[in-house]
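Reader: I'd like to learn how to read the salt bridges in a model like this one. Can we go through it together, starting with the fold?

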Amino acid sequence: MKKAFRFILLSMVTSLVACGGGGGSSGETQESYVISLRSDKLQLPLNVAGVRAGIGVYSPYTTTLYVQATKGGSPIPGGGDVFGCNIAGGLDSGALYYLDGKPEHETEVDDGSGGKIKVPTAYRSITLGSNSGGNSFHFNAGNQAGTARITCTVTDPRDKQQKSATVNIAVGGGLSGMPASVRLEAQIPGYLGTRGNSSGLLSQMALQAFVLDDTNQPSTNAAAANVQVRILSGTEAAQGARLLAGNLSGTIMQLPSVGGVATFSLLSGFETGPIFLEITADRSDNNVTNGITDPITTVRPVSVLGAVTAPLVFPGNDFGDVTKGVQFTGFLSVQGGLPPYTWSATGLPPGLTLDAATGVISGKTTSEAAEREYRVAVTVVDRNKLSAGGTARINLIGGLPEDFAIGDCNVNTVCSLGQAPVGVNFSYSFVSSVGGVSWQFTSLPGWLTGSSNSGAGALNGRPAVTDCGERNFIVTATKGTSTVTRRFNITVVSGTGAALACP
């Protein structure tokens with residue numbers, strides 16, 4: 001019996017050795033995988049300019065990470081995708097990159113001049129092969145402060161269990177948390193309708209005030225209200241408008257922020273135009289309830305509309321040649337917008353005026369007006385208080401001649417051509433200083449004839465005794481659509497000799 005037992009025991013030991021339980025090759029062990037992960041830098045500056053990932057001294061926002069796995073103190077075998085790494089927290093603070101120059105790890109983008117360039121692709125997770133038991137990759141900081149938690153894993157083929165390692169990289173840091181700027185974001189579509197409007201426009205909208213610190217990060221949450229919102233007076237739309245937030249209502253309120261954001265609503269009034277909202281924080285203590293010592297302020301307009309229309313456009317007007325000293329009327333035109341319109345203009349020739357309600361330019365240019373091209377700056381505002389601008393062109397040219405206006409002759413007086421003796425030829429010419437003028441004569445005495453030739457108006461005749469006395473007539477000068485009319489008289493008197501004497 002003892003020999004048999006000894007033989008069975010010896011057989012069992014031999015069997016164990018053959019199966020590798022007590023030997024085998026030198027690279028095989030029963031040890032578990034051990035993974036490690038480290039980063040060259042554990043803190044990175046905030047990447048406020050959005051600089052791309054890179055390697056070297058001119059890439060201060062990028063760090064290199066190294067992942068390694070061992071088995072029994074020796075590197076694990078290589079080949080295939082062995083490591084999986086991802087950003088397990090703080091994704092908004094940066095991204096992972098291969099930076100290996102491989103085309104599949106690059107993205108084509110515009111270079112800003114119409115061309116294309118290849119840039120490294122950003123990832124939230126990557127996979128890596130094992131070379132000598134490890135590999136490397138990169139992390140590039142973003143523009144939001146925080147801590148990025150990066151985790152890499154490897155699967156142990158012995159028990160199919162994943163082994164992991166983690167490293168934390170702080171982005172930013174050393175910030176004051178005190179307000180350095182404030183801004184306002186409005187709910188889409190970004191405008192309001194007047195209260196009770198018939199166009200279906202909402203008269204209430206949500207808005208958010210952002211309180212940001214020195215590097216445009218949300219300021220720290222304050223124990224008390226840290227942002228003040230106020231409706232500025234001075235516009236028609238501000239009348240009747242108010243702010244709403246929970247049980248608060250009025251034209252001014254102080255609100256706490258969550259993550260640097262304070263939410264409230266704006267209710268419009270009955271008038272169109274801009275409502276100007278003033279947003280204020282206090283840099284001294286991030287608290288506006290105890291007085292504002294160091295104000296950080298911005299003003300943002302919110303438009304209130306009566307209706308949504310096509311964009312207001314003033315395409316401009318070209319009135320061509322306008323004759324100096326002659327009555328002028330021109331109509332400005334506009335496209336889109338919501339009537340009624342209000343017009344204004346600067347740079348009109350002296351003597352011309354603009355009707356703000358109708359957009360009609362009218363009047364006579366004065367004698368002091370320079371003969372040149374006038375480019376009039378025109379602005380039109382519609383009922384929504386939206387405005388458009390453009391140019392109206394007026395080319396002021398020399399006026400119609402006043403040669404025939406003798407002395408102080410004007411439209412309200414009768415101009416005398418003097419006396420014409422019986423039996424003596426009489427002639428008179430009305431001469432224009434500009435070309436293209438025609439002359440018309442009305443109610444001329446029978447002994448006078450009028451003609452218009454080459455810009456001159458001529459009167460010729462020889463009175464008889466029967467024409468003695470004073471006669472009135474009308475002369476009209478015309479250039480294009482402009483006219484000047486004057487009244488004249490001439491007196492026929494006795495000529496030389498008894499036969500030519502007037503009765």
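Author: Sure, the words come first: helices (H or I, at least four residues) and strands (E, at least two) are DSSP runs, numbered from the N terminus. Here the protein chain has one helix and 36 strands. This is a predicted model, where local features need pLDDT of at least 70 and side-chain atom pairs count only at pLDDT 80 or more, while totals for chains, interfaces and linings use all residues. Residues are numbered from 1 along each chain as its sequence is written, and side-chain values use heavy atoms, with hydrogens and water left out.

Reader: How many salt bridges does a search of the whole structure find?

Author: A salt bridge is a side-chain nitrogen of Lys or Arg within 4 Å of a carboxyl oxygen of Asp or Glu. The search turns up eleven. One of them pairs Glu236 with Lys385, with the closest N and O atoms 3.1 Å apart. Glu236 sits in the loop between strands S16 (227-231) and S17 (242-245), and Lys385 in the loop between S28 (373-381) and S29 (387-397), 149 residues apart.

Reader: What about Arg393 and Asp318?

Author: Their side chains meet at 2.8 Å, N to O. Arg393 is in strand S29 and Asp318 in strand S23 (residues 317-323), 75 residues apart. Salt bridges with shared partners join Asp318, Glu373, Arg375 and Arg393 into one network.

Reader: Is Asp318 buried or exposed?

Author: Buried means under 20% relative accessible area, exposed over 50%, partly exposed in between (1.4 Å probe, protein chains only). Asp318 is exposed at 54%, whereas Arg393, at 21%, is partly exposed.
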